[in-house]
Amino acid sequence: MPDSPIQQIVCCMGQPVAGNPTQFMMERAFAAAGLDWRYLTLEVPPERLGDAVKGLRAMGFRGGNFTIPHNVAVISHLDELSEAAALIGAVNCAVCRGEKLVGENTDGKGFVRSLREVIDPAGKRVAILGAGAAARAITVELGLAGVAEIVVVNRTAERGRTLVDLLNESVKVPARFVHLSGDYAVEEGFQIVVNATSIGLSDSEARVPLNLDSLQIDMVVADVVFNPPHTQLIRDAAARGCTTLDGLGMFVSQGMIAFHIWTGVDPDPSVLREAIEEYLEI
């Protein structure tokens, strides 16, 4: 029997959310940690988000995840934001602290946590492909982690320059924009290369526009795509002798951070990794 007669509940709100693997992973982790918690996956249309957040508060949920299309819109329904969430301008995790609902963004934190398993980003130079939500979260956290320089490579100049301005002016990390045309050749002296685009999602043969000859053996090459984890980029970089970091590492690290934010407990990372691999039938 549980120690408490009432289960603690967290959730995920989004639309669409069918097929989201977080519930499967989190409930495995709750059980392994001996916590009588539940994770609910909730389909919430944009026009009902405010009502849904009020319901979360009223029913005593401990917090939740917010996914597309709610990452930005949910901010107006929260009481506070973490430093990173405020800089990123998006929230994917919230926690109830007393009467306050506090927003956090674990995307970049999850990436940096998984990156630190293979390299300390402090003082390193980073090239990142993409300037969307994932790139924004990752570059902000890399800047806060003390990287020496960030180059944002993107086809859409306006979005790329907007991200670079944020990094230079608000995060205070040296950053510059490279307009992508053809394949990007990583410059000498860069130690970390990140694909923060959706290229490769559900397509293991999709190719990132990267000049593979520019990848050096001492580089770390990371991909945010977790399904499939062995993307074409990861396979190509490994073949060139690079250290690689697949998207599952980031996904699991995000889960670990959210788990701790809600419960105050550090989960077993192997439980989360095994759960997501089982869910994805890897």
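Q: What space lies in the largest cavity?
A: In this predicted model, the largest cavity holds about 50 Å³ of space. The count takes in cavities of 30 Å³ or more, and it comes to one. The word cavity applies because a 1.4 Å probe fits there but cannot get out.

Q: What makes up the lining of the largest cavity, by class?
A: Its lining residues are Arg-207, Val-208, Leu-210, Leu-212, Gln-232, Leu-233 and Asp-236. Arg and Asp count as charged, and Val and Leu as nonpolar, while Gln falls among the others and is therefore polar. The result is four nonpolar, one polar and two charged residues.

Q: Why is the space lined by Thr-67, Ile-68, Asp-107, Phe-226 and Phe-251 called a pocket?
A: A pocket is an open set of points with protein on both sides within 12 Å along at least five of seven lines, so the name separates it from a cavity, which a probe cannot leave. The largest pocket has about 1,300 Å³ of space. Of its 44 lining residues, those five are the closest to its centre. Two or more lining residues come from each of α1 (22-32), β3 (63-66), α5 (133-144) and α8 (247-263). The largest share, six residues, belongs to α8. By class the lining divides into 25 nonpolar, 17 polar and two charged residues.

Q: How do you know that β8 and β9 pair?
A: Pairing needs at least two bridges between two strands. Strand β8 (residues 149-154) and β9 have five bridges, in the parallel sense, so the two strands count as a pair. Within this pair, Val-152 stands opposite Phe-177 in β9.

Q: What makes β9 and β12 edge strands?
A: The open sheet has six strands in the order β9-β8-β7-β10-β11-β12, with parallel pairing. β9 (175-179) and β12 (243-245) each pair on one side only, and this makes them the edges. From one strand to the next, the twist averages 20°.

Q: What does an angle of about 170° say about α6 and β9?
A: Helix α6 (residues 157-171) lies across β8 and β9, and the angle of about 170° is the one to β9. Angles run from 0 to 180 degrees between N-to-C directions, so a value of about 170° belongs to the upper end of that scale. Helix α7 (residues 232-239) lies across β10 (192-195), β11 (220-223) and β12, and runs at about 170° to β11.

Q: Which residues make the contact of α1 with α9, and what classes do they fall into?
A: α1 and helix α9 (residues 269-279) pack at about 145°, with their axes 9 Å apart, in a right-handed crossing. From α1 come Phe-24, Met-25, Arg-28, Ala-29 and Ala-32, and from α9 come Val-271, Leu-272, Ala-275, Ile-276, Glu-278 and Tyr-279. Arg and Glu count as charged. The contact therefore has nine nonpolar, no polar and two charged residues.

Q: What makes the bond between Ile-68 and Pro-69 stand out?
A: Most peptide bonds are trans. The bond joining Ile-68 and Pro-69 is cis, with omega about 10°. Pro-69 lies in the loop between β3 and β4 (80-81). A cis bond also joins Gln-15 and Pro-16, with omega about 0°, and Pro-16 is in the loop between β1 (8-14) and α1.

Q: Why is the phi of Ser-202 worth a note?
A: Most residues other than glycine have a negative phi. Ser-202 is not a glycine, yet its phi is positive, at about 60°. This residue lies in the loop between β10 and β11.

Notes. Residues are numbered from 1 along each chain as its sequence is written. This is a predicted model: local features need pLDDT of at least 70, side-chain atom pairs count only at pLDDT 80 or more; totals for chains, interfaces and linings use all residues. Side-chain values use heavy atoms; hydrogens and water are left out. On a 1 Å grid over the protein atoms alone, a cavity is a set of points where a 1.4 Å probe fits but cannot get out, and a pocket is an open set with protein on both sides within 12 Å along at least five of seven lines; lining residues have an atom within 4 Å of a point. Grid points are joined across faces, edges and corners, and a volume is the space filled by probe spheres set on the points. Helices (H or I, at least four residues) and strands (E, at least two) are DSSP runs, numbered from the N terminus. Contact means heavy atoms within 4.5 Å. A crossing is left-handed if the near helix is turned anticlockwise from the far one by less than a right angle, and right-handed if clockwise.
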